[in-house]
Amino acid sequence: MTLSDTGMAERLAFAKRTAEMAGALAMEYFHQRDRLTVEAKRNPQDLVSEADRAVEKLIRERIAAAFADDGILGEEFGLELGVSGLTWVIDPIDGTSPFLNGMPNWCVSMGACIDGEPVLGVIAAPCFNECYSALRGGGATLNGVSIRVTSTLDLRTGVVGLGSNDRVTPAAAARIVESLFEIGGSFVRNGSGALMLAYVAAGRLVGYAEPSMNAWDCMAGYCLVTEAGGTVLPFPQNGLREPARVLAAAPASYAELEQISAVAPE
Ligand code: LIP
């Protein structure tokens with residue numbers, strides 16, 4: 001299944017505008033965090049507030065008005081099937097924990113898939129005035145300027161992004177860190193997998209690894225990394241419903257990072 005180049009170009013322009021609007025709404029909530037009602041989902045580290053729901057509602061309403069035949073999968077309101085062959089994959093606020101704790105490392109992530117393959121990615125980070133975007137076959141940009149994965153740094157000279165959650169045993173997560181340290185590597189975990197994938201695409205991180213991640217956290221970032229010349233571990237063709245292992249890196253570092261991060265989630 002494919003959509004016309006025009007159709008995809010229209011969706012990219014729409015996604016950039018929508019992510020900008022969604023980011024502005026999220027910022028309003030960000031500046032009023034003390035008034036939010038925060039709920040725990042799977043555990044006390046897996047949080048949600050009305051900010052997440054309101055931002056996803058805005059995005060879904062705009063998609064329904066502009067591309068009524070497209071499907072939508074969002075973190076907070078689930079899956080609505082479409083008939084166009086394209087499904088939007090949305091995380092309204094990726095990095096909910098940093099967001100609720102007053103830190104700037106969060107983003108709005110809008111991906112789109114055709115037959116389970118990421119074909120569009122827009123990640124807006126309002127606190128940094130940055131918007132990453134990519135269309136399959138069209139390259140990746142940061143605020144309109146072309147970006148590429150690093151061709152100079154590796155696992156020993158650069159920094160790796162890591163993610164983890166309760167679906168991964170503490171021992172497994174620690175083993176990844178231990179293996180990275182054993183080769184003289186270094187890592188960051190900023191709480192937003194989508195934003196760290198965008199940093200891989202921009203050459204700021206050498207790679208990103210997370211043993212179990214949801215589709216809405218990674219599909220936009222996967223499109224960005226691929227279009228920036230990086231390598232990604234394909235997300236399973238399971239309808240995007242179940243979490244899966246996520247791995248993305250500059251090509252020269254991918255195999256070694258795959259080996260270092262190969263742990264089984266719970
Ligand atoms: C987050 C992901 C991150 C993961 C966190 C959390 P959220 O998404 O971006 O990779 O490690 O546990 O799931 O919940 O902030 O949208």
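Here are a few questions and answers about the ligand site in this predicted model.

Me: Where does the ligand lie relative to domain 1 and domain 2?
Reply: Happy to look at that one. Domain 1 spans 5–146 and domain 2 spans 160–260. Residues of the shell around the ligand come from both domains, so the ligand lies between them.

Me: Which elements give two or more residues to that shell, given that the ligand takes up the largest pocket?
Reply: The space the ligand takes is the largest pocket. The elements giving two or more residues to the shell are β5 (86–94) and β13 (207–213).

Me: How many residues of the shell around the ligand are charged?
Reply: Let's split the shell by residue type. Three of its residues are nonpolar and seven are polar. The charged ones number six.

Me: What percentage of the ligand's exposed area does the protein bury?
Reply: Start with the polar contacts: polar side-chain atoms lie 2.7 Å from a ligand oxygen for D94 and 3.1 Å from one for R189. A polar backbone atom of S164 is 3.3 Å from a ligand oxygen. Taken alone, the ligand exposes 370 Å², and the share of that buried by the protein is 87%.

Conventions: Residues are numbered from 1 along each chain as its sequence is written. This is a predicted model: local features need pLDDT of at least 70, side-chain atom pairs count only at pLDDT 80 or more; totals for chains, interfaces and linings use all residues. Side-chain values use heavy atoms; hydrogens and water are left out. A polar contact is a pair of N or O atoms within 3.5 Å; within protein, one must be able to donate a hydrogen and the other to accept it, and residues adjacent in sequence count only if both atoms are side-chain atoms. Accessible areas come from the Shrake-Rupley method with a 1.4 Å probe; for residues, only the protein chains shown count as cover. On a 1 Å grid over the protein atoms alone, a cavity is a set of points where a 1.4 Å probe fits but cannot get out, and a pocket is an open set with protein on both sides within 12 Å along at least five of seven lines; lining residues have an atom within 4 Å of a point. A molecule sits in a cavity or pocket if more than half of its atoms lie within 2 Å of its grid points. Helices (H or I, at least four residues) and strands (E, at least two) are DSSP runs, numbered from the N terminus. Ala, Val, Leu, Ile, Met, Phe, Trp, Tyr, Cys and Pro count as nonpolar, Asp, Glu, Lys and Arg as charged, and the others, Gly among them, as polar. Domain bounds come from an automatic or database domain assignment.
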